[in-house]
Each structure stands twice: as structure tokens, then as C-alpha cells.
Amino acid sequence: MEKIVEAVIGLFITKPDFVTVLADKQVECGQDVILTCQANTEDVTVSWEKNGQKLYCVEGKHDVSKDDTNCVLEISNAVDGDEGNYTVTLSNSLGSTSCSALVRIITKEWRKVEWKQERMLNSLKTFQICNEVQELRFLVCGPVGTGKSSTINTIRSIFEGRQFIDCLAAAGSTTSHTLCYERFKIANAGGSFPFAFNDIMGAEKDSGVLSEDIISALRGHMKEGYTFNAQTPLSESSHYYNKNPTLSDQMHCLVFVMPADTISTQDKKFLQKMKSVIKAASSMGMPQVVFMTRVDLACPLTKEKLQNVYKSKKIKDNMQKCSYELGVPLNRIFPVMNYHEQIHMNEDINCLMLDALTKIIYWANDYVLKKSSQQ
């Protein structure tokens with residue numbers, strides 16, 4: 001008799017399936033998250049997981065409900081820790097099925113960027129350098145293949161209104177394409193802007209540019225055209241060694257280019273090499289900044305929309321890691337994106353770079369004024 005009853009009941013049970021599935025959610029901190037789906041039958045047991053683990057509901061935080069065929073998970077007052085992949089599973093005696101949704105928590109924008117380039121571009125185009133030097137000089141250094149040369153190309157592209165590829169970029173390679181010490185000026189109508197960027201061989205933990213050579217360039221001892229040697233630093237007897245550098249020969253700002261997507265995996269030996277350079281720059285009183293590239297690869301939120309860069313918890317965390325590893329204050333770290341996939345100019349890319357440039361140009365100018373008054 002019991003088997004007959006079970007068989008009759010079984011006729012009315014439907015194998016679980018979804019009429020509607022969970023949808024990805026993106027909310028700001030403090031907002032509520034509501035995940036809903038609809039089952040094809042009421043005869044199901046509903047269970048929830050977060051990142052592959054059973055979701056343990058916290059009173060006042062999670063509210064799980066089932067109304068007829070509607071299954072709902074509500075997360076109140078979302079915080080960073082609520083971000084993750086949520087899965088709902090429907091099951092009964094005939095089987096089970098699951099669907100998932102990604103919940104992203106956007107932090108409130110913690111640094112403002114002007115997303116219109118005209119004013120910033122005009123500010124730099126009309127910038128008046130102090131009379132102590134003819135141009136401000138920026139030394140760009142960093143690991144191989146992380147966008148060092150691409151950064152210079154991007155800056156030139158912004159001012160010229162078209163993409164430049166004059167400065168060879170390694171594009172993720174483990175070998176530096178920059179073999180010679182070279183200066184890149186920014187063309188202006190009838191001349192050039194009063195600032196220039198010097199490219200240097202990429203750094204590696206056991207090879208690449210030597211820290212001694214970076215320091216020689218900072219102090220103005222290195223002449224353009226010098227071919228880097230990963231084994232031997234520039235010698236004082238070399239034709240390319242400037243024995244008596246003036247303030248105009250020296251660098252006025254050190255720009256580190258670091259990859260946002262691999263900050264946590266940088267080798268300790270490489271970081272020690274960079275710290276020795278920072279120590280030398282600090283002894284000169286020279287400003288040091290970080291351009292944190294590849295923000296589109298470091299965070300999906302930023303990849304979808306570059307204007308989310310200062311709403312991304314991932315980007316902020318990586319900036320803090322970079323600050324800790326190199327000893328550069330957070331307010332001197334600028335997330336940027338270089339032209340590497342795009343074939344057309346992009347105002348968001350330009351604005352992020354211009355936001356950094358409008359800061360470091362004035363810092364370099366202040367440094368020159370300070371050094372000239374000391375001399």
C-alpha cells in the first residue's frame with residue numbers, strides 16, 4: 001500500500017528547473033542586495049552557497065525566503081565582504097539544479113577625476129616652467145613588460161591627438177626592448193612642451209637595468225645614447241659619463257611604472273633593487289611617484305568601465321600594497337591605463353593619465369625651484 005501511495009505522489013512531483021535564474025548584481029557599499037529566481041515547481045528544497053561554501057545566514061544580514069515558486073536571498077547593508085559568487089540549488093526526489101550570480105560591491109568613489117580632458121590638457125599646454133631649467137625631466141623606470149615604454153607612448157599620443165609607437169614596448173615580454181638611454185620630448189606647435197621623459201632599460205630581479213645605472217641617470221651622469229649592460233654599470237671613464245652634471249642634466253622626478261595586476265607577486269629581489277633607487281632619490285629630495293598600469297587587467301569592474309577605477313576595492317587594495325612594498329605614499333600613486341589594445345583615442349584613458357600629469361609636472365617644478373635656491 002505504501003509503495004502505491006509513493007508512486008501516486010511521484011506522479012505529481014516535477015523535476016526541478018528554473019523559470020528565471022539569478023542575475024548578477026553590482027551595488028554600492030551600504031545598499032541592499034536582492035537575488036531572486038523562480039522555480040518551475042513549489043516542491044523543492046532551496047539551499048544557498050557563497051563561493052562554493054554553504055551560506056550561513058547571519059541575523060540582520062541575510063534573509064532567505066521562498067514564496068510559492070519564488071526563491072529570494074536578501075543581503076542587507078552590503079559591505080566588501082559580501083562580494084562573491086552566490087549559488088542557489090533546487091532539489092527534490094527527482095533531482096537537483098543550480099544557478100549562480102556574481103555580486104560586486106562598489107566602494108564609494110574615494111578620489112575624484114575630471115573625466116573631461118580639455119581643461120587639463122589646456123592647463124599643461126599653457127604651463128609656465130620656472131626659469132632655472134629649459135625643461136622638466138622625468139625618469140621612467142619599472143619591471144620589464146609592465147607598460148614603461150607604453151606609458152611614454154600614451155603621454156605623447158594624448159598631446160599629439162594620435163597614437164604613437166616610437167618608444168618600443170615589450171608588451172608583457174620578459175626581455176626589455178629598451179636597450180639605450182633615450183629622451184622623448186612632447187611636440188608642440190612650433191616646438192615642444194617644457195617637459196621630457198627619459199626611458200630606461202626594464203628592471204628584473206637578477207638582470208635588466210642595474211640600480212647603479214638608474215641612480216646615475218637620476219643624478220645626470222648618464223648621457224643619451226648609452227647602451228645598457230646588465231652586468232656592468234656605467235663607468236666614469238665612459239664617453240657617456242657626464243662628470244659635472246648641472247640641474248638641467250639631472251632628473252626632476254622619478255616615475256615608477258608598476259603593474260596593477262601583479263603587484264602582489266613582484267619578486268623581493270626586484271623590490272629591493274627599486275628601494276635602493278628610492279633611497280637615492282630621497283637623498284636628493286626628488287619627488288617619486290608610481291604610475292600603476294594595467295588597471296583594466298587587475299579588476300573586471302575597471303575593465304568594464306574605466307571611470308570605476310576609484311570605486312574599485314581591488315584597485316585600492318593594490319595601491320595600498322604598492323605603497324607598502326615601495327614606501328611611496330598613497331597620494332603619489334596613480335592608477336593609469338595605457339593604449340595597448342585600442343586603435344582609436346579614448347578620452348577616459350587620456351583623463352586618467354592627464355590627472356596624474358597635472359600633479360607631477362608641478363611637483364617636478366617645485367623640486368627644481370628648491371634645488372636652485374639651495375645652489
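Which residue in strand 5 is the bridge partner of Glu 49? Please keep in mind, as we look for it together, that what we have in front of us is a predicted model. The partner of Glu 49 is Lys 54, and this pair belongs to an antiparallel pairing in which two bridges connect strand 4 with strand 5, residues 53-54. These two strands make a hairpin with two residues between them, and within that hairpin Asn 51 adopts a positive phi near 50°.

Strand 4, which covers residues 45-50, also runs antiparallel to strand 8, residues 84-92, and six bridges join the two. If you look for Lys 50, you will find Tyr 86 of strand 8 standing opposite. As a general point, strands of a sheet pair through backbone hydrogen bonds, either parallel or antiparallel.

For this part of the chain, an unreviewed UniProt entry lists residues 16-104 as "domain: Ig-like". In the model that span is 60% strand and 0% helix, and its end C-alpha atoms lie 28 Å apart.

Let us now move along to another sheet. Here six strands form an open sheet with mixed pairing, in the order 11-12-10-13-14-15. Strand 11 (182-188) and strand 15 (333-335) are at the edges and have a single partner strand each, so one side of each is left without a neighbour in the sheet. From one strand to the next, the twist averages 25°.

The partner of strand 11 in an antiparallel pairing of six bridges is strand 12, residues 191-199, where Asp 199 is the bridge partner of Glu 182. Helix 8, residues 313-326, packs on this sheet and touches strands 13, 14 and 15, with its direction at about 140° to that of strand 14.

Terms used: Residues numbered from 1 in each chain as written. Predicted model: local features only at pLDDT ≥ 70, side-chain atom pairs only at ≥ 80, totals over all residues. Heavy atoms only, no water. Pairing = 2+ DSSP bridges. Helix = DSSP H or I, 4+ residues; strand = E, 2+ residues; numbered from the N terminus. UniProt positions renumbered as here; feature names shortened; annotations may be inferred. Axes fitted to C-alpha atoms, helices over the stretch in contact; angles between N-to-C directions. Contact = heavy atoms within 4.5 Å.
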